[in-house]
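Here is a friendly walk through one protein model. Have a look at the picture below, and then we'll go through it piece by piece.

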Amino acid sequence: MTMEEKPEPVIVEATLDASPEKVWRALTISDFLAAWLLPNDLSLDQGRDFAFYRDEELQEKVADCRLVEAEPYRCMQFEWREIGHDVDSVITVELSPDQDGGTCFRLVHDIAAVQQGMPANSNEPVMRLAA
């Protein structure tokens, strides 16, 4: 896949029965995020690297990430590189209050770059031959 063949971003939108403050906590407190997504070592220090883990005790990573932006109760953006794949993504989460006290939630998963040498649809690590 070349950047000319780049897929459209995946966009998920929902209205949640919780305030933006409560949703923000679920997204940004590592233990809360792990309860619905994956174990992680997220910190809200912008530019900081963090990871999502399949097994945190064994340090078996699913993805290496870097926090790009964190605006409390409104927006969080991070770069994502799944382990074993040469596709860089950007994940953006936007929150806004709705008129009923809930939250309008919008998540955008966009491919940022595809590195040469591995098909984007591969589910297996690439085997490279030594010269």
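Does Tyr73 count as buried, partly exposed or exposed? Tyr73 counts as partly exposed, because its relative accessibility is 41%. Here buried means under 20% relative accessible area, exposed means over 50%, and partly exposed is in between, using a 1.4 Å probe and protein chains only. You'll find Tyr73 in the loop between β3 and β4.

Before going on, a word about the ground rules. This is a predicted model, where local features need pLDDT of at least 70 and side-chain atom pairs count only at pLDDT 80 or more, while totals for chains, interfaces and linings use all residues. Residues are numbered from 1 along each chain as its sequence is written, and side-chain values use heavy atoms, with hydrogens and water left out.

**The overall picture**

The protein has two helices and six strands. Reading from the N terminus, the elements come as β-α-α-β-β-β-β-β. These are DSSP runs, numbered from the N terminus: helices are H or I with at least four residues, and strands are E with at least two. Of the 131 residues in the protein, 31% are buried. The accessible surface is about 8500 Å², and carbon and sulfur atoms hold 50% of that; such areas come from the Shrake-Rupley method with a 1.4 Å probe, and for residues only the protein chains shown count as cover. Take the contacts (heavy atoms within 4.5 Å) between residues at least 6 apart in sequence: 36% of them join residues at least 24 apart.

**The sheet**

The six strands make an open sheet in the order β1-β6-β5-β4-β3-β2, with antiparallel pairing. The edges are β1 (10-16) and β2 (49-55), each of which pairs on one side only. Two strands pair if DSSP finds at least two bridges between them. On average, neighbouring strands in this sheet are turned by 25 degrees against each other, direction ignored. For such angles, axes are lines fitted to C-alpha atoms, for helices over the stretch in contact, and values run from 0 to 180 degrees between N-to-C directions.

Now zoom in on β4. Eight bridges join β3 to β4, and the two run antiparallel. One bridge pair here is Cys65 with Trp80 in β4. The hairpin of β3 and β4 has three residues between the strands, and Tyr73 takes a positive phi near 70 degrees in it. On to the next partner: β4 (residues 75-82) and β5 (residues 87-97) pair in the antiparallel sense over seven bridges, with Arg81 standing opposite Asp88 in β5. These two strands also form a hairpin, this time with four residues between them, and Gly84 in the turn has a positive phi of about 90 degrees.

**The helix on the sheet**

Helix α1 (residues 20-28) packs on the sheet, where it touches β1, β3 (60-71), β4, β5 and β6 (103-114), and its direction makes about 155 degrees with that of β5. Which residues of α1 are buried? They are Pro20, Val23, Trp24, Leu27 and Thr28. Seen down the axis of α1, these buried residues fall within an arc of 120 degrees, so they line one face of the helix. The arc is that of the directions from the helix axis to the C-beta atoms. As background, an α-helix has 3.6 residues a turn, so residues three or four places apart point the same way. The cover over the buried residues of α1 includes β1, α2 (30-36), β3, β4, β5 and β6.

Arg25 also sits in helix α1. Its C-alpha is 9.2 Å from that of Pro72, though the two are 47 residues apart in sequence.

**A few residues side by side**

| Residue | Relative accessible area | Class |
|---|---|---|
| Cys65 | 4% | buried |
| Cys75 | 12% | buried |
| Val114 | 13% | buried |
| Arg25 | 44% | partly exposed |

With cysteines in the table, how many disulfides does the count give? The count comes to zero, where a disulfide is a pair of cysteine sulfur atoms within 2.5 Å.

As for Val114, this residue lies in strand β6. The C-alpha atoms of Val114 and His85 are separated by 9.2 Å, with their positions 29 residues apart along the chain counted as distance apart.
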